[in-house]
Amino acid sequence: MKKTIKVPIKEAEKLRLKLLNNGKLDPQRKIKLIEEGERFLEIPVTDDVKGFDTYEQKDAVYYNKWNSLKDILKDSVKGSELRLLPSGWHIIGDIIVITIDPAIEHMKKKIAEAMLKMYPSCNTVVRDLGIKGQYRLPQREILTGNNTETINKENGCLFKLDVTKVMFSKGNLHEKKLMSNIGDNETIVDMFAGIGYFTIPMAVHTNPEKIIAIELNPDSYEYLRENISLNHVEDIVEALNGDCAQLTPEGIADRVIMGYVGTTHHYLQYGIRSIKKSGGMLHYHETTPESLIFERPVARIKEAARIEGRHIEVTECRKVKKYSPGVWHVAVDTRIT
Ligand SMILES: C[S@@+](CC[C@H](N)C(=O)[O-])C[C@H]1O[C@@H](n2cnc3c(N)ncnc32)[C@H](O)[C@@H]1O
C-alpha cells in the first residue's frame, strides 16, 4: 500500500522532519499539494503515524529512480568508457547542455537518451562545443529532441533564449546576484547586454531610474527585447541594437557595466565617457592571465581614464570564474570622477 497522510501546510515541515528522523518518510515519493477548499500537503509515509489517518495515495509522484549516468549506462558501456562519461552539465529551462569527451563521441546519442531518463521534465539535449567570436556564439550540436528555445528561471527573473543562438552563462551566478542588488534610482548603461543577464535582474530587483542596454548580435537583441516584456520592465529598460562604440551615450550614467570578455579594453574610453562628470561606477570585465591578475585590468582602466582626463579609485577586484587553463575572467569595480 502507498500510505500517505494529509497535513495542514503550517504543520507540514515540522512533521516532515520528525518523519524523516524516525524513518517513516517514504523517500521514493514526492510530497504533494492538495486543495480541498483548504490547502493541505500529502506526505508519503512507510507506516502509520499517530494522530493522523493513513490512507492509500492516488496518483503518487515518484522521485527519479536514476541517480547517475553511470547507473543508467553501466550495462551497455565498456568499463574503460564509463570513466569518460560526463559528470557535469547545465540545465537551461528544459534543455540539457552537456560536454562529451571526443573519445566517446560514438556514444553521444546513448548519453543523450540517458540524460532524458534522469531529467524527465527536459525534452532536448545539446552538446556544448565552446563559444566563438565577438557575438559569443555558442557552438552546439543537437543530440536528441528538437526544441532549442526555452525559458530559464534564475534569481526571480525569466530569460527566454535559443541555446543554439545565444550564450547563457550559468557560471556567473554570483556576479549576476551582486549586480542585482545595486542601482537604486540610478541611470545605468549596460554596454554588452546580451539577452539581459545583468540588465534584467537589476531592473527586477532594484529600482533604477533607467537602464540603457546595448547589444550587437541581432538574435540576442531580439531575446533581450522579449525578456524586457516577459519581466515587465519596459518602463525601466531601453534596448538598443548596435555597436556600443557608437551607441553608448556620453555623460549620463551613474553606473556602466562592461560585461564582455575578449577585447573589452578597446571599449573602455566609451564606458568612461558615459559616466557623469560628477562621478559614477564602472564595472569592467576581461580575461586575464593568472600572472597579470589584477594588475593588467587596473592598468588598462587607469590609462583609459588618464586619456579621458578622469580619475579612478578601484573599489573591488574579483575573480568571476576560470576561463581557460591559466586564464581568469575577472571583474574590477572602479569609481570614476
Ligand atoms: C558575454 S555576453 C554577455 C554576457 C553577460 N554580461 C554575462 O556575463 O553573462 C557579451 C555580449 O556582448 C555583445 N557584444 C560584443 N561586442 C559588442 C559591441 N561592440 N557592442 C555591443 N554588444 C556587443 C555580444 O554579442 C554578447 O551578447
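Let's start at the ligand: the shell of residues around it divides into 10 nonpolar, seven polar and three charged. Keep in mind that what you are looking at is a predicted model. Of the 20 residues in that shell, F192, G194, L216, N217 and G259 come nearest to the ligand. Two elements, β12 (210–215) and α8 (244–247), give two or more residues each to the shell. And where does the shell sit with respect to the domains? Domain 2 (69–147) and domain 3 (169–336) both give residues to the shell, so the ligand lies between them.

Now step back and take in the whole protein chain. The chain is divided into domain 1 (3–56), domain 2 (69–147) and domain 3 (169–336). Measure the gap between the C-alpha centres of domain 1 and domain 2 on your screen, and you should get 36 Å. Along its principal axes, the C-alpha trace spans about 75 × 50 × 35 Å. You'll find 10 helices and 17 strands in the chain. Of its 337 residues, 34% count as buried. If you take the contacts with a separation of 6 or more, 60% of them come from residues 24 or more positions apart.

What about the inside? In soluble globular proteins, nonpolar side chains tend to be buried together. Here the largest nonpolar core has 63 residues, and M191, I211, A213, L224, V237 and V256 are the ones with the most contacts inside it. Strand β17 (residues 327–336) gives the most to this core, with five residues. Both domain 2 (69–147) and domain 3 (169–336) give residues to the core, so the core lies between them.

Pick out I211 to get a feel for the packing. Setting aside neighbours within four places in sequence, I211 is in contact with I188, D190, T199, M202, A203, I236 and V237. Another core lies apart from the one I211 belongs to; that other core has nine residues, including I5, V7, L15 and V49.

Next, follow the chain to its early strands. Four of them form an open sheet in the order β2-β3-β1-β4, with antiparallel pairing. Which strands stand at the edges? They are β2 (32–36) and β4 (55–56); each has a single partner strand, so one side of each is left without a neighbour in the sheet. The partner link from β2 to strand β3 (residues 38–44) is made of five bridges, and the two run antiparallel. One such pair to look for is K32 with its bridge partner E42 in β3.

In this part of the chain you can also find L20, which lies in helix α1 (residues 9–21). Is L20 buried or exposed? L20 has 11 C-beta neighbours inside 10 Å, so it counts as exposed. L20 and V45 are 25 residues apart along the chain, and their C-alpha atoms are separated by 9.5 Å.

Then there is a hairpin to visit. Strand β7 (residues 124–132) and strand β8 (residues 137–144) run antiparallel and are joined by six bridges. Look across from I131 and you'll see P138 in β8 standing opposite. The hairpin has four residues between its strands, and G133 in the turn has a positive phi of about 75°. R136, in the loop between β7 and β8, has a positive phi of about 55° although it is not a glycine. R136 has 18 other C-beta atoms within 10 Å, so it counts as partly exposed.

A further case of this backbone feature is N155, whose phi is positive at about 50° although N155 is not a glycine. N155 is found in the loop between β9 (149–154) and β10 (157–162). With 13 C-beta neighbours inside 10 Å, N155 counts as partly exposed.

Finish the walk further along the chain. A cis peptide bond joins I293 and F294, with omega about -15°. F294 has its place in the loop between β15 (280–289) and α10 (295–308). Beyond it, I312 has its place in strand β16 (residues 312–324). Not counting residues up to four places away in sequence, I312 touches I301, K302, A305, T334, R335 and I336. I312 has 19 C-beta neighbours inside 10 Å, so it counts as partly exposed. I312 and L282 are 30 residues apart in sequence, yet 9.5 Å apart in space, C-alpha to C-alpha.

Notes:
Residues numbered from 1 in each chain as written. Predicted model: local features only at pLDDT ≥ 70, side-chain atom pairs only at ≥ 80, totals over all residues. Core = buried A, V, L, I, M, F, W, Y, C linked by C-beta atoms within 7 Å. Buried ≥ 20, exposed ≤ 12 C-beta atoms within 10 Å, placed from the backbone. Domains from an automatic or database assignment. Contact = placed C-beta atoms within 7 Å. Near = placed C-beta within 6 Å. Nonpolar A, V, L, I, M, F, W, Y, C, P; charged D, E, K, R; others polar. Pairing = 2+ DSSP bridges.
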